[in-house]
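User: Please take a close look at the salt bridges in this model, and set them in the context of the fold around them. I would like one connected account rather than a list.

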Amino acid sequence: MNRHELKQAFTGGKVVYSTLVGSTSPKWAAEIAKTGVDFVFIDSEHLPMNPETRGWMLRCYRAMGIAPIVRIAACTYQEAFHAIEHGAEGVIAPYVETVEEVKTLLAAVKYRPLKGERLRAVLDGREQLSFEEQAYLDKYNDGYLVLLNIESRVAVDNLEQLLLPGVDGVFIGPHDLSINLGIPEQYDHPLFEQYVARVIEVCKARGVGMGNHSSWDISAQIRWAQQGMGIILWNSDIGCFVGGISGAFAQAKQALGQGTAEQINVHI
């Protein structure tokens, strides 16, 4: 899917699929395409990646018809602007909690190349763009996506206020959200489920995309999708590699008497 098709899927309630891609190998894009992903999630918050390499990846996936979405390192104008300029079809900002942060993202993605005090006046409603200006910016920024990483209690509680016009979707960060709620990594805890259900409800009512990036058993993603979550963002190439190799080695070690299943599983 390209960004336009992805946005249509978000607003139309169609379930889409993605995974986190960390490998920068030139051969990897063609292999990822075989998985059936609709878009790829490239993480600049946690994974070291130079701009040239990331730019190559973004342009490659775009050329293959797979929308690249970048999680930027921090919610700043420069990070979001550079991600789009380098080839991303959408940006995700980590740990968004305030309306001002959302405006920063919208400014960088939806109003390029307008900057400075005039941009701030437009965003704050103190000045209105002319028809000609608005038409130009709409065409220049056609279809680029803004997504929010919702990772705290305050973000979920205030989600309605954060979903300003122009926000296209939301991703829950389950690890950080569970810690913020005081239930670290307890993803089946009733409180965690309650907060996921609230995000699903609010996003469905607003017609924006909603996902939850998880790497454990995909049955949780299926259950949330059955409740209305439209983005199944599961695991990563690194996670699948580690899980597959360590699982095979554990099976071999147990068969060869190099440890019990319990001892081996400690390291998986």
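Analyst: Helices here are DSSP runs of H or I with at least four residues, strands are runs of E with at least two, and both are numbered from the N terminus. The model is a predicted one, and under that definition the protein has 14 helices and eight strands. Its radius of gyration is 20 Å, close to the 18 Å that the globule rule gives for 268 residues, so the protein is as compact as a globular protein of that length. Along the principal axes, the C-alpha atoms fill a box of roughly 75 × 45 × 30 Å, and 47% of the 268 residues count as buried.

Within this frame the structure holds 17 salt bridges. One of them joins E89 to R3, with the closest N and O atoms 2.9 Å apart. This pair links distant parts of the chain, since E89 sits in the loop between α4 (77–86) and β4 (90–93) while R3 belongs to helix α1 (residues 3–12), 86 residues away. Both E89 and R3 are buried.

A second pair is E45 and R71, whose closest N and O atoms are 3.2 Å apart. Here too distant parts of the chain are linked, with E45 in the loop between β2 (39–43) and α3 (51–63) and R71 in strand β3 (residues 67–71), 26 residues apart. In this pair the two partners fall into separate burial classes: E45 is partly exposed because its relative accessible area is 26%, which is not under the 20% cut-off for buried, whereas R71 counts as buried at 8% relative accessibility.

E133 and R118 form a further salt bridge, with 2.8 Å between the closest N and O atoms. E133 lies in helix α7 and R118 in helix α6, so the pair ties together parts that are 15 residues apart in sequence. E133 is partly exposed, with a relative accessible area of 27%, and R118 is likewise partly exposed at 29%. Beyond such individual pairs, salt bridges that share partners join E100, K103, E117, R120, D124 and R126 into one network.

Among the members of that network, D124 can be placed in the loop between α6 (116–123) and α7 (131–140). Its side chain and that of K103 are joined by a polar contact of 3.2 Å, and D124 counts as partly exposed at 34% relative accessibility. The C-alpha atoms of D124 and G182 are separated by 35 Å, although the two residues are 58 apart along the chain.

The surroundings also include parts described in other terms. Strand β7 (residues 209–212) is covered on both faces, with G209 and G211 on one side and M210 and N212 on the other, all buried. Strand β6 (residues 169–172) pairs with β7 in the parallel sense over four bridges, and I172 stands opposite N212 in β7. In strand β8 (residues 231–236) lies S236, which is buried with a relative accessible area of 13% and whose side chain reaches the backbone nitrogen of G239 at 2.8 Å.

Finally, a nonpolar patch on the surface is formed by I238, F241, V242, I245 and F249, with about 500 Å² of accessible area together. Of these, I245 has its place in helix α13 (residues 237–255) and is partly exposed, with a relative accessible area of 36%.

Terms used:
Residues numbered from 1 in each chain as written. Predicted model: local features only at pLDDT ≥ 70, side-chain atom pairs only at ≥ 80, totals over all residues. Heavy atoms only, no water. Buried < 20%, exposed > 50% of the residue type's maximum accessible area, 1.4 Å probe, protein only. Pairing = 2+ DSSP bridges. Patch = residues over 30% accessible without salt bridge, like charges linked within 9 Å, V, L, I, M, F, W, Y side chains within 5 Å. Areas by Shrake-Rupley, 256 points an atom, 1.4 Å probe, with all protein chains shown as cover. Salt bridge = Lys/Arg side-chain N within 4 Å of Asp/Glu carboxyl O. Polar contact = N/O pair within 3.5 Å; in protein donor to acceptor, adjacent residues only side chain to side chain. Rg over C-alpha atoms; globule rule 2.2 N^0.38 Å.
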